[in-house]
Amino acid sequence: MDCAFSFYSHSRETPSIENKTLTLRSCVGLAPFKRRMKMRFLGRTCLIVLSLLPAISTQRGAWRVVGSDQPVIAYPGDDVILPCHISPRLSAVGLEVRWYRDRFDTPVHLYLNQRDQARRQDRAYQGRTALPPLALQTGDISLHLRNLQPSDRGVYTCLADDGSWNEGGQTEVIVAALGTQPSISMDSTQGEQTRLVCRSEGWDPEPEVIWRDRDENDVTSLSSPTVQRDSQGLLSVSSYIKIKQQSNVFSCLVRSKTPRPDWESKLHISSEYHMFVD
(Lines give C-alpha, C1' and ligand atoms only; values in the text may rest on other atoms or scores of the structure.)
Protein backbone atom coordinates (compact mmCIF):
# COMPACT_ATOMS: atom_id res chain seq x y z
CA MET A 1 0.00 0.00 0.00
CA ASP A 2 0.98 3.64 -0.39
CA CYS A 3 0.77 3.98 3.43
CA ALA A 4 3.64 1.60 4.09
CA PHE A 5 6.03 4.52 4.16
CA SER A 6 3.78 6.75 6.24
CA PHE A 7 5.27 5.57 9.53
CA TYR A 8 8.51 7.34 8.83
CA SER A 9 9.21 9.70 11.71
CA HIS A 10 10.35 13.21 11.00
CA SER A 11 11.88 13.48 14.50
CA ARG A 12 14.44 11.41 16.28
CA GLU A 13 11.95 10.51 18.96
CA THR A 14 9.74 7.52 18.48
CA PRO A 15 6.38 8.83 17.44
CA SER A 16 3.39 8.07 19.59
CA ILE A 17 0.54 5.83 18.59
CA GLU A 18 -1.59 8.91 18.24
CA ASN A 19 0.94 10.47 15.91
CA LYS A 20 1.12 7.25 13.99
CA THR A 21 -2.62 7.19 13.70
CA LEU A 22 -2.66 10.75 12.47
CA THR A 23 0.08 9.91 10.06
CA LEU A 24 -1.87 6.91 8.80
CA ARG A 25 -5.01 8.97 8.38
CA SER A 26 -3.03 11.59 6.51
CA CYS A 27 -1.63 8.89 4.28
CA VAL A 28 -5.04 7.48 3.54
CA GLY A 29 -6.20 10.95 2.64
CA LEU A 30 -3.21 11.53 0.38
CA ALA A 31 -3.67 8.42 -1.72
CA PRO A 32 -6.50 9.80 -3.88
CA PHE A 33 -4.68 13.10 -4.08
CA LYS A 34 -1.55 11.35 -5.36
CA ARG A 35 -3.58 9.48 -7.91
CA ARG A 36 -5.18 12.72 -9.05
CA MET A 37 -1.79 14.39 -9.32
CA LYS A 38 -0.45 11.43 -11.26
CA MET A 39 -3.36 11.57 -13.66
CA ARG A 40 -2.91 15.30 -14.09
CA PHE A 41 0.77 14.81 -14.74
CA LEU A 42 0.12 12.11 -17.30
CA GLY A 43 -2.54 14.20 -18.95
CA ARG A 44 -0.24 17.17 -19.08
CA THR A 45 2.53 14.98 -20.52
CA CYS A 46 0.20 13.75 -23.27
CA LEU A 47 -0.75 17.30 -24.13
CA ILE A 48 2.89 18.29 -24.39
CA VAL A 49 3.73 15.34 -26.66
CA LEU A 50 0.74 15.96 -28.88
CA SER A 51 1.55 19.64 -29.16
CA LEU A 52 5.10 18.80 -30.25
CA LEU A 53 4.11 16.35 -33.01
CA PRO A 54 2.99 18.96 -35.55
CA ALA A 55 6.20 20.92 -35.07
CA ILE A 56 8.35 17.80 -35.59
CA SER A 57 6.28 16.75 -38.59
CA THR A 58 6.55 20.20 -40.13
CA GLN A 59 10.30 20.21 -39.65
CA ARG A 60 10.78 16.82 -41.30
CA GLY A 61 8.39 17.57 -44.13
CA ALA A 62 9.31 21.21 -44.57
CA TRP A 63 10.10 20.63 -48.25
CA ARG A 64 9.12 18.28 -51.01
CA VAL A 65 10.27 17.30 -54.49
CA VAL A 66 8.02 17.99 -57.46
CA GLY A 67 8.42 16.18 -60.77
CA SER A 68 6.38 16.69 -63.92
CA ASP A 69 2.77 15.63 -64.43
CA GLN A 70 3.29 15.89 -68.21
CA PRO A 71 5.62 13.59 -70.17
CA VAL A 72 8.66 14.94 -71.96
CA ILE A 73 8.20 14.07 -75.65
CA ALA A 74 11.15 14.42 -78.00
CA TYR A 75 12.88 12.70 -80.92
CA PRO A 76 16.15 10.75 -81.05
CA GLY A 77 19.12 13.11 -81.06
CA ASP A 78 17.28 15.89 -79.25
CA ASP A 79 18.51 17.54 -76.05
CA VAL A 80 15.84 17.57 -73.34
CA ILE A 81 15.29 18.77 -69.77
CA LEU A 82 13.52 16.52 -67.26
CA PRO A 83 11.74 18.97 -64.90
CA CYS A 84 12.12 18.55 -61.14
CA HIS A 85 12.44 21.05 -58.29
CA ILE A 86 12.31 21.43 -54.53
CA SER A 87 9.30 23.21 -53.04
CA PRO A 88 9.46 25.64 -51.40
CA ARG A 89 12.58 26.77 -53.18
CA LEU A 90 15.77 26.16 -51.23
CA SER A 91 19.36 25.48 -52.18
CA ALA A 92 20.16 21.89 -53.16
CA VAL A 93 23.92 22.45 -53.19
CA GLY A 94 24.40 20.58 -49.91
CA LEU A 95 21.96 17.79 -50.70
CA GLU A 96 22.33 14.45 -52.39
CA VAL A 97 20.49 14.52 -55.71
CA ARG A 98 19.95 11.20 -57.44
CA TRP A 99 18.26 10.54 -60.77
CA TYR A 100 17.51 6.90 -61.56
CA ARG A 101 15.16 4.69 -63.55
CA ASP A 102 14.68 1.04 -62.62
CA ARG A 103 17.65 0.61 -60.27
CA PHE A 104 18.39 2.93 -57.37
CA ASP A 105 22.01 1.77 -57.16
CA THR A 106 22.68 2.47 -60.85
CA PRO A 107 21.81 6.16 -61.14
CA VAL A 108 21.33 8.03 -64.36
CA HIS A 109 23.04 10.92 -62.55
CA LEU A 110 24.33 11.27 -58.99
CA TYR A 111 25.27 14.53 -57.25
CA LEU A 112 26.85 13.94 -53.84
CA ASN A 113 29.22 15.89 -51.57
CA GLN A 114 28.71 18.93 -53.80
CA ARG A 115 30.04 17.24 -56.90
CA ASP A 116 28.90 14.92 -59.70
CA GLN A 117 29.79 11.26 -59.15
CA ALA A 118 30.48 10.16 -62.72
CA ARG A 119 32.09 6.87 -61.69
CA ARG A 120 28.86 5.67 -60.10
CA GLN A 121 26.74 6.63 -63.09
CA ASP A 122 25.05 4.23 -65.50
CA ARG A 123 27.43 3.87 -68.45
CA ALA A 124 24.64 4.43 -70.95
CA TYR A 125 24.31 8.01 -69.67
CA GLN A 126 27.93 8.97 -69.12
CA GLY A 127 28.77 12.24 -70.82
CA ARG A 128 25.10 12.98 -71.59
CA THR A 129 23.70 14.33 -68.30
CA ALA A 130 24.18 17.48 -66.22
CA LEU A 131 22.81 19.33 -63.18
CA PRO A 132 23.69 23.02 -63.69
CA PRO A 133 25.32 24.41 -60.50
CA LEU A 134 23.45 27.73 -60.66
CA ALA A 135 20.14 25.89 -60.89
CA LEU A 136 20.97 23.84 -57.79
CA GLN A 137 21.31 27.04 -55.78
CA THR A 138 17.63 27.80 -56.40
CA GLY A 139 16.35 24.28 -55.76
CA ASP A 140 16.08 23.42 -59.45
CA ILE A 141 17.26 19.82 -59.77
CA SER A 142 16.06 19.28 -63.36
CA LEU A 143 18.17 16.82 -65.33
CA HIS A 144 19.67 17.97 -68.64
CA LEU A 145 19.89 14.98 -70.99
CA ARG A 146 21.71 15.28 -74.30
CA ASN A 147 21.49 13.25 -77.52
CA LEU A 148 18.28 11.40 -76.66
CA GLN A 149 18.27 7.69 -77.55
CA PRO A 150 15.29 5.37 -78.18
CA SER A 151 16.38 3.37 -75.15
CA ASP A 152 15.97 6.46 -72.95
CA ARG A 153 12.17 6.16 -72.93
CA GLY A 154 10.69 5.43 -69.51
CA VAL A 155 9.92 6.89 -66.09
CA TYR A 156 12.70 8.72 -64.22
CA THR A 157 12.78 9.39 -60.47
CA CYS A 158 14.54 12.42 -58.98
CA LEU A 159 15.43 12.06 -55.30
CA ALA A 160 16.76 14.73 -52.92
CA ASP A 161 18.23 13.74 -49.54
CA ASP A 162 19.55 16.04 -46.78
CA GLY A 163 20.75 13.18 -44.56
CA SER A 164 17.69 13.08 -42.32
CA TRP A 165 14.87 13.51 -44.81
CA ASN A 166 14.36 12.63 -48.48
CA GLU A 167 11.69 13.24 -51.07
CA GLY A 168 11.24 12.10 -54.66
CA GLY A 169 9.33 13.01 -57.82
CA GLN A 170 8.91 11.43 -61.23
CA THR A 171 9.07 12.49 -64.88
CA GLU A 172 8.26 10.36 -67.92
CA VAL A 173 10.27 10.52 -71.13
CA ILE A 174 8.70 9.49 -74.43
CA VAL A 175 11.11 9.12 -77.31
CA ALA A 176 8.86 9.87 -80.25
CA ALA A 177 9.12 8.10 -83.57
CA LEU A 178 7.78 9.36 -86.88
CA GLY A 179 6.13 6.41 -88.62
CA THR A 180 5.99 5.38 -92.23
CA GLN A 181 4.01 7.18 -94.90
CA PRO A 182 0.45 5.82 -94.79
CA SER A 183 -0.80 3.43 -97.43
CA ILE A 184 -4.44 3.24 -98.54
CA SER A 185 -6.01 0.10 -99.92
CA MET A 186 -9.48 -1.29 -100.51
CA ASP A 187 -10.72 -3.83 -98.03
CA SER A 188 -13.94 -5.65 -98.85
CA THR A 189 -15.52 -8.71 -97.35
CA GLN A 190 -18.18 -10.70 -99.13
CA GLY A 191 -21.60 -9.52 -98.08
CA GLU A 192 -20.30 -6.36 -96.43
CA GLN A 193 -19.93 -2.79 -97.59
CA THR A 194 -16.60 -1.95 -99.18
CA ARG A 195 -14.11 -0.21 -96.93
CA LEU A 196 -10.91 1.68 -97.37
CA VAL A 197 -8.09 1.01 -94.92
CA CYS A 198 -5.26 3.42 -94.12
CA ARG A 199 -2.18 1.87 -92.51
CA SER A 200 1.00 3.30 -91.04
CA GLU A 201 3.55 1.85 -88.59
CA GLY A 202 6.53 2.78 -86.45
CA TRP A 203 4.88 5.55 -84.39
CA ASP A 204 5.30 6.72 -80.83
CA PRO A 205 3.27 8.22 -79.27
CA GLU A 206 -0.01 7.25 -80.94
CA PRO A 207 -0.65 9.48 -83.98
CA GLU A 208 -3.87 11.12 -85.08
CA VAL A 209 -5.58 9.79 -88.24
CA ILE A 210 -7.76 12.17 -90.30
CA TRP A 211 -9.91 11.25 -93.29
CA ARG A 212 -11.11 13.80 -95.90
CA ASP A 213 -13.22 13.46 -99.01
CA ARG A 214 -12.98 15.14 -102.40
CA ASP A 215 -14.30 18.44 -101.05
CA GLU A 216 -11.87 18.41 -98.11
CA ASN A 217 -14.68 17.61 -95.70
CA ASP A 218 -13.51 15.91 -92.54
CA VAL A 219 -15.14 12.45 -92.49
CA THR A 220 -13.02 11.00 -89.69
CA SER A 221 -16.10 10.42 -87.55
CA LEU A 222 -17.14 7.71 -90.06
CA SER A 223 -13.92 5.76 -89.53
CA SER A 224 -12.88 3.19 -86.95
CA PRO A 225 -9.18 3.03 -85.94
CA THR A 226 -7.19 0.19 -84.37
CA VAL A 227 -3.76 0.49 -82.76
CA GLN A 228 -1.23 -2.25 -81.99
CA ARG A 229 2.20 -2.14 -80.35
CA ASP A 230 4.98 -4.18 -81.94
CA SER A 231 7.91 -5.99 -80.33
CA GLN A 232 10.04 -2.83 -80.42
CA GLY A 233 7.43 -0.86 -78.49
CA LEU A 234 6.32 1.16 -81.53
CA LEU A 235 2.74 1.61 -82.67
CA SER A 236 1.02 0.48 -85.85
CA VAL A 237 -2.26 2.17 -86.71
CA SER A 238 -5.01 1.07 -89.09
CA SER A 239 -8.10 3.14 -89.83
CA TYR A 240 -11.14 1.86 -91.74
CA ILE A 241 -13.84 3.87 -93.50
CA LYS A 242 -16.86 2.64 -95.47
CA ILE A 243 -17.39 4.02 -98.95
CA LYS A 244 -20.31 4.19 -101.39
CA GLN A 245 -20.21 2.94 -104.96
CA GLN A 246 -19.56 6.25 -106.62
CA SER A 247 -16.66 8.27 -107.88
CA ASN A 248 -14.80 10.01 -105.08
CA VAL A 249 -11.41 10.94 -103.70
CA PHE A 250 -10.33 10.11 -100.16
CA SER A 251 -7.24 11.26 -98.35
CA CYS A 252 -5.78 9.83 -95.18
CA LEU A 253 -3.61 12.06 -93.02
CA VAL A 254 -1.55 10.54 -90.21
CA ARG A 255 -0.47 13.34 -87.91
CA SER A 256 2.11 13.27 -85.16
CA LYS A 257 1.08 14.76 -81.82
CA THR A 258 4.47 16.44 -81.63
CA PRO A 259 5.57 19.29 -83.95
CA ARG A 260 6.93 17.21 -86.82
CA PRO A 261 5.89 16.78 -90.49
CA ASP A 262 2.62 14.97 -91.25
CA TRP A 263 2.25 12.06 -93.64
CA GLU A 264 -0.62 12.09 -96.12
CA SER A 265 -1.84 9.73 -98.83
CA LYS A 266 -4.71 10.10 -101.29
CA LEU A 267 -6.81 7.51 -103.06
CA HIS A 268 -8.86 8.31 -106.19
CA ILE A 269 -11.83 6.03 -106.71
CA SER A 270 -13.58 6.00 -110.10
CA SER A 271 -17.12 4.85 -110.62
CA GLU A 272 -15.72 1.50 -111.82
CA TYR A 273 -13.65 1.24 -108.62
CA HIS A 274 -10.37 1.83 -110.35
CA MET A 275 -7.95 3.12 -107.74
CA PHE A 276 -5.23 5.68 -108.21
CA VAL A 277 -2.88 6.40 -105.32
CA ASP A 278 -0.95 9.64 -105.00
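Here are some exercises with worked solutions on a predicted model, covering its strands, disulfides and aromatic rings.

**Exercise 1. Work out the order of the four-stranded open sheet, and find which strands stand at its edges.**

Solution.

Step 1. Start with the order: the strands of this open sheet run E12-E13-E16-E15, and their pairing is antiparallel.

Step 2. Now look for strands with a single partner. Strand E12 (183–187) and strand E15 (223–229) each have one partner strand, so one side of each is left without a neighbour in the sheet. These two are the edge strands.

Step 3. Add the twist. On average, neighbouring strands of this sheet are turned by 20° against each other, direction ignored.

**Exercise 2. Trace the pairings of strand E16 and decide how well E16 is covered.**

Solution.

Step 1. Take the E13 side. Strand E13 (residues 195–203) runs antiparallel to strand E16 (residues 235–242), and eight bridges join them. Two positions help you find your way: Arg-199 has Ser-238 of E16 as its bridge partner, and Glu-201 stands opposite Ser-236 in E16.

Step 2. Take the E15 side. Here E15 and E16 pair over seven bridges, again in the antiparallel sense. As a marker, find Ser-224, which stands opposite Tyr-240 in E16.

Step 3. Follow the chain from E15 to E16. The hairpin of these strands has five residues between them, and Gly-233 in this hairpin takes a positive phi near 85°.

Step 4. Check the cover. Six of the eight residues of E16 are buried, so E16 is largely enclosed by the rest of the structure.

**Exercise 3. Find the two disulfides, and give the handedness of each.**

Solution.

Step 1. Recall what you are looking for: a disulfide is a covalent bond between the sulfur atoms of two cysteines. The structure holds two disulfides.

Step 2. Begin with Cys-84 and Cys-158, whose sulfur atoms lie 1.9 Å apart. The torsion about their S-S bond is about 70°, so this disulfide is right-handed. The bond links distant parts of the chain: Cys-84 is in the loop between strand E3 (80–82) and strand E4 (85–87), while Cys-158 is in strand E10 (residues 154–161), 74 residues apart. Both Cys-84 and Cys-158 are buried.

Step 3. Go on to Cys-198 and Cys-252, which are joined with an S to S distance of 1.9 Å. Here the value about the S-S bond is -80°, and the link is left-handed. This pair also links distant parts of the chain, with Cys-198 in strand E13 and Cys-252 in strand E17 (residues 248–255), 54 residues apart.

Step 4. Test the burial of this pair. The cut-off for buried is under 20% relative accessible area. Cys-198, at 2%, is therefore buried, and Cys-252, at 0%, is buried as well.

Step 5. Write the pattern. Counting bonded cysteines along the chain, the disulfides follow 1-2, 3-4.

**Exercise 4. Describe the surroundings of strand E17, the strand that holds Cys-252.**

Solution.

Step 1. Look for its pairing with E14. Strand E14 (residues 208–212) is joined to E17 by five bridges, and the two run antiparallel. Within this pairing, Ile-210 has Leu-253 of E17 as its bridge partner.

Step 2. Judge the cover. Seven of the eight residues of E17 are buried, and the strand is mostly covered.

**Exercise 5. Characterise the two aromatic pairs, and say how accessible each ring residue is.**

Solution.

Step 1. Set up the description: a pair of aromatic rings is described by the distance of the centres and the angle of the planes.

Step 2. Tyr-100 and Phe-104 are 5.3 Å apart centre to centre, with 75° between the planes, and the pair is edge-to-face. Tyr-100 is buried at 16% relative accessible area, whereas Phe-104, at 41%, counts as partly exposed.

Step 3. Tyr-125 and Tyr-156 also form an edge-to-face pair, at 6.3 Å centre to centre and 90° between the planes. The two sit in distant parts of the chain, 31 residues apart: Tyr-125 in the loop between strand E7 (115–116) and strand E8 (129–130), Tyr-156 in strand E10. Tyr-125 counts as buried at 3% relative accessibility, and Tyr-156 as buried at 0%.

Step 4. Return to Phe-104 for one further contact. Arg-98 lies over the face of its ring, 4.1 Å from the ring centre.

Methods
Residues numbered from 1 in each chain as written. Predicted model: local features only at pLDDT ≥ 70, side-chain atom pairs only at ≥ 80, totals over all residues. Heavy atoms only, no water. Pairing = 2+ DSSP bridges. Axes fitted to C-alpha atoms, helices over the stretch in contact; angles between N-to-C directions. Disulfide = S-S within 2.5 Å. Buried < 20%, exposed > 50% of the residue type's maximum accessible area, 1.4 Å probe, protein only. Phe/Tyr/Trp six-rings, centres within 6.5 Å; stacked < 30°, edge-to-face > 60°. Lys NZ or Arg CZ within 6 Å of the ring centre and 35° of its normal.
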